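Visitor: I would like to go through this structure one contact at a time. Please show it first.

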Amino acid sequence: MKSIKVPFLTGFVDLDRFAKAAVDVVDWPDEYPYKPDVVLAIAHDSEKLYIRFDVKEGNVRAVTTEAEGPVWEDSCVEFFVKEPDSPYYFNFETNCIGVGLSARRLSRNDFERLSPEMLATVKRRSSLPAASL
């Protein structure tokens with residue numbers, strides 16, 4: 001497992017001050033050998049966690065347009081985060097046009113989807129607008 005020190009930002013949110021790391025681990029290489037070129041950039045301030053994925057891949061798929069739909073069937077990225085003293089972790093999946101799927105989890109099979117109010121606090125932006133696909 002990789003670890004990365006997430007820098008604390010004050011003032012203007014500058015991408016140059018983000019920590020960056022390649023996302024280059026394939027969890028199931030026998031089933032899914034394809035590995036796109038992915039770089040994660042991450043930072044936080046006193047209120048927000050900022051995450052940026054830069055992805056280069058040969059074939060892009062973007063079919064899911066409804067929030068909380070099956071974004072894993074599209075070209076997507078996934079992020080997991082956990083507070084140190086909590087048994088729960090959060091799972092955020094976003095396809096290449098910015099459609100998300102999010103949950104609070106105890107395990108892969110024990111989870112609850114985030115409420116509409118909680119989802120409203122998660123901001124996503126994509127460089128591929130849905131209308132262009």
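Charged pairs, cysteines and rings

Guide: E112 and R104 form a salt bridge, with their closest N and O atoms 2.8 Å apart. Keep in mind that this is a predicted model.

Visitor: Is E112 buried or exposed, or in between, and what is its relative accessible area?

Guide: Buried means under 20% relative accessible area and exposed means over 50%. E112 falls in between, so this residue counts as partly exposed, and its relative accessible area is 42%.

Visitor: What does R104 do besides pairing with E112, and over which ring does R104 lie?

Guide: R104 is partly exposed at 26% relative accessibility. In addition to the salt bridge with E112, R104 lies over the face of a ring, 3.7 Å from the ring centre. That ring belongs to Y88.

Visitor: Over which ring does the charged end of R105 sit?

Guide: The charged end of R105 is 4.3 Å from the centre of the ring in question. The ring is that of F111.

Visitor: How many salt bridges does a search of the whole structure find?

Guide: Side chains of opposite charge can pair when their charged atoms come close. One such pair is D54 with R52, whose closest N and O atoms are 3.1 Å apart. D54 is partly exposed at 34% relative accessibility, and R52 is partly exposed at 38%. The search of the whole structure finds 3 salt bridges.

Visitor: Which residue forms a salt bridge with D74, and where is that partner?

Guide: The closest N and O atoms of this pair are 3.3 Å apart. D74 counts as buried at 8% relative accessibility, whereas its partner counts as partly exposed at 39%. The two are 13 residues apart, and the partner, like D74, is in the loop between strand 3 (49–56) and strand 4 (76–81). The partner is R61.

Visitor: How many disulfides does the structure hold?

Guide: A disulfide needs two cysteine sulfur atoms within 2.5 Å. The sulfur of C76 is 8.7 Å from the closest cysteine sulfur, which is in C96, so the two are too far apart for a bond. C76 is partly exposed at 31% relative accessible area, while C96 is buried at 16%. The number of disulfides is 0.

Visitor: Where is G98 found, and which residues does G98 touch, leaving out those up to four places away in sequence?

Guide: G98 is in the loop between strand 5 (89–95) and strand 6 (100–105). The C-alpha atoms of G98 and S127 are separated by 8.5 Å, although these residues are 29 apart along the chain. With residues up to four places away left out, G98 touches R124 and S126.

Visitor: How many aromatic pairs does the search find, and why is the pair of F18 and Y50 called tilted?

Guide: The search of the whole structure finds 3 aromatic pairs. The ring centres of F18 and Y50 are 6.3 Å apart and the planes are at 50 degrees, so the pair is tilted. F18 lies in the segment before strand 1 (19–22) and Y50 in strand 3, so the pair ties together parts 32 residues apart in sequence. F18 counts as buried, with a relative accessibility of 10%.

Visitor: What is the angle between the planes of F90 and F92?

Guide: F90 and F92 form an aromatic pair with 6.3 Å from centre to centre. Planes under 30 degrees apart count as stacked. This pair is stacked, and the angle between the planes is 15 degrees.

How values were computed. Residues numbered from 1 in each chain as written. Predicted model: local features only at pLDDT ≥ 70, side-chain atom pairs only at ≥ 80, totals over all residues. Heavy atoms only, no water. Salt bridge = Lys/Arg side-chain N within 4 Å of Asp/Glu carboxyl O. Buried < 20%, exposed > 50% of the residue type's maximum accessible area, 1.4 Å probe, protein only. Helix = DSSP H or I, 4+ residues; strand = E, 2+ residues; numbered from the N terminus. Contact = heavy atoms within 4.5 Å. Phe/Tyr/Trp six-rings, centres within 6.5 Å; stacked < 30°, edge-to-face > 60°. Lys NZ or Arg CZ within 6 Å of the ring centre and 35° of its normal.
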